[in-house]
Amino acid sequence: MEHWIIDNEPALRLGFFIGIFLLMATLEMLSPRKRNFLKPKNSNINSHGVSQNNTESIRGFRWFNNLSLSFSASILMRLILPLGLVGFSLYCQEVGLGLFNLDFFNQINSIFIFIFSLILFDCIIYWQHRIFHYVPFLWRLHKVHHSDQAFDVTTGIRFHPLEILLSIGIKFLVVLIFGLTAESIIAFEVILNGLALFNHSNFKIPLTVDYYLRKFIVTPDMHRVHHSQIPTETDSNFGFNISLWDRLFGSYQDQPSLGHDGIEIGLKEYKDTEQPKKLSNLLLMPFKK
Ligand SMILES: [Zn+2]
């Protein structure tokens with residue numbers, strides 16, 4: 001079973017991604033949490049002289065941009081690191097690199113190490129996200145994610161390819177230091193990608209369900225606060241999977257101050273500009289003033 005999972009890692013991850021993406025997109029369509037993120041001031045007249053609904057055309061270019069960013073990041077990863085994290089972890093295991101590959105850890109139950117690895121990885125990702133907000137050079141990359149003026153399942157995959165590259169670099173370092181197993185890396189990546197799609201999605205979850213769910217994991221209502229234009233809210237709720245880290249490290253904010261209907265999504269600096277709408281501008285955004 002373990003071998004099958006390792007051998008079929010790319011197909012397995014892609015399968016989970018497509019399945020969860022389609023499920024979230026369908027739920028958003030059937031029961032949206034918030035409509036009209038972008039309130040068009042007036043309607044467009046297209047080249048045929050036909051009035052267009054801005055909200056619909058905005059959805060079109062947002063989805064195109066966000067999916068294109070994700071696609072280009074995946075291609076870049078496969079070109080630069082064809083063996084990926086799993087291949088690297090197997091290599092570390094073979095040559096005995098990393099803490100958990102030491103003889104001492106052979107005596108500890110592998111299930112315990114597996115669960116501990118997932119929690120450890122998640123805590124590191126929490127701090128990575130927080131650092132990306134506070135270090136100016138890293139924020140330049142991460143603000144591409146925050147410049148999205150709406151919040152839906154595609155926001156969860158909208159990251160600049162260089163941010164993805166850097167975060168993979170950090171994960172390589174974590175694997176090298178701790179000697180994480182291939183199985184724990186695959187499980188973590190599937191959970192992280194799945195929950196990132198879930199907690200960026202825009203479908204209605206009953207408030208009581210949200211109340212209990214967010215005691216354990218990050219829900220869309222919890223993460224939406226992080227995409228508010230109000231800086232103190234942008235700098236809160238950094239978690240992606242387990243909601244504990246924000247409560248533990250003092251960055252938890254329960255609800256947006258303007259409520260989920262009044263919240264303005266995105267970044268103030270791009271509020272009235274055309275910049276975030278073009279893919280080329282998103283790719284060049286970190287390098288511009
Ligand atoms: Zn962020």
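Buried means under 20% relative accessible area, exposed means over 50%, and partly exposed lies in between. Keep these cut-offs at hand for the exercises on this predicted model.

**Exercise 1. Place Glu 269 and its partner**

Task: Decide whether Glu 269 is buried, exposed or partly exposed, then do the same for the residue that pairs with Glu 269 in a salt bridge.

Solution:
- Step 1. Glu 269 has a relative accessible area of 47%. That value falls between 20% and 50%, so Glu 269 is partly exposed.
- Step 2. The salt-bridge partner is Lys 143, with N to O at 3.5 Å.
- Step 3. The two residues link distant parts of the chain, 126 residues apart. Lys 143 sits in helix α6, while Glu 269 sits in the loop between α13 (259-262) and α14 (279-284).
- Step 4. Lys 143 has 6% relative accessibility, so Lys 143 counts as buried.

**Exercise 2. Follow the pair Asp 148 and Arg 62**

Task: Find how far apart the closest N and O atoms of Asp 148 and Arg 62 are, and where each residue sits.

Solution:
- Step 1. The closest N and O atoms of this salt bridge are 2.6 Å apart. The cut-off for a salt bridge is within 4 Å, so the pair qualifies.
- Step 2. Asp 148 is in the loop between α6 (136-146) and α7. Arg 62 is in helix α3 (residues 54-80). The pair links distant parts of the chain, 86 residues apart.
- Step 3. Asp 148 is buried at 1% relative accessibility. Arg 62 is buried too, with a relative accessible area of 5%.
- Step 4. Now widen the view. Arg 62 and Asp 148 belong to a network of salt bridges that also links Asp 152 and Arg 158.
- Step 5. A search of the whole structure finds 10 salt bridges.

**Exercise 3. Join two helices**

Task: Name the helices that hold Glu 189 and Lys 171, and state whether each residue is buried or exposed.

Solution:
- Step 1. Glu 189 and Lys 171 form a salt bridge, with the closest N and O atoms 3.0 Å apart.
- Step 2. Glu 189 lies in helix α8 (residues 182-199) and Lys 171 in helix α7, so the pair ties together parts 18 residues apart in sequence.
- Step 3. Glu 189 is buried, at 5% relative accessible area. Lys 171 is buried as well, at 6%.

**Exercise 4. Read the zinc site**

Task: List the residues that coordinate the zinc ion and give the spacing of the donors along the chain.

Solution:
- Step 1. The donors are NE2 atoms of His 129, His 133, His 142, His 146 and His 226, at 2.1 to 2.2 Å.
- Step 2. Along the chain, the spacing reads H-x3-H-x8-H-x3-H-x79-H.
- Step 3. Take His 129 and His 133. They are 4 residues apart in helix α5 (residues 110-134), so about one helical turn separates them.
- Step 4. Check their cover. His 129 is buried, with 4% relative accessible area. His 133 is buried, with 8%.

**Exercise 5. Trace a nonpolar patch**

Task: Identify the residues of the nonpolar surface patch and the element with the largest share.

Solution:
- Step 1. The patch consists of Tyr 91, Val 95, Leu 97, Leu 173, Leu 176 and Ile 177. Together they have about 540 Å² of accessible area.
- Step 2. Two elements give two or more residues each: α4 (84-95) and α7 (161-178).
- Step 3. The largest share, 3 residues, comes from α7.
- Step 4. Leu 176 is in helix α7. Leu 176 counts as partly exposed because its relative accessibility is 33%.

Notes: Residues are numbered from 1 along each chain as its sequence is written. This is a predicted model: local features need pLDDT of at least 70, side-chain atom pairs count only at pLDDT 80 or more; totals for chains, interfaces and linings use all residues. Side-chain values use heavy atoms; hydrogens and water are left out. Patches are made of residues with over 30% relative accessible area and no salt bridge: like charges are joined within 9 Å, nonpolar side chains (Val, Leu, Ile, Met, Phe, Trp, Tyr) within 5 Å. Accessible areas come from the Shrake-Rupley method with a 1.4 Å probe; for residues, only the protein chains shown count as cover. A salt bridge is a side-chain nitrogen of Lys or Arg within 4 Å of a carboxyl oxygen of Asp or Glu. Buried means under 20% relative accessible area, exposed over 50%, partly exposed in between (1.4 Å probe, protein chains only). Donors are N, O and S atoms within 2.8 Å of the metal (3.2 Å for Na, K and Ca); water is not among the atoms, so sites may look incomplete.
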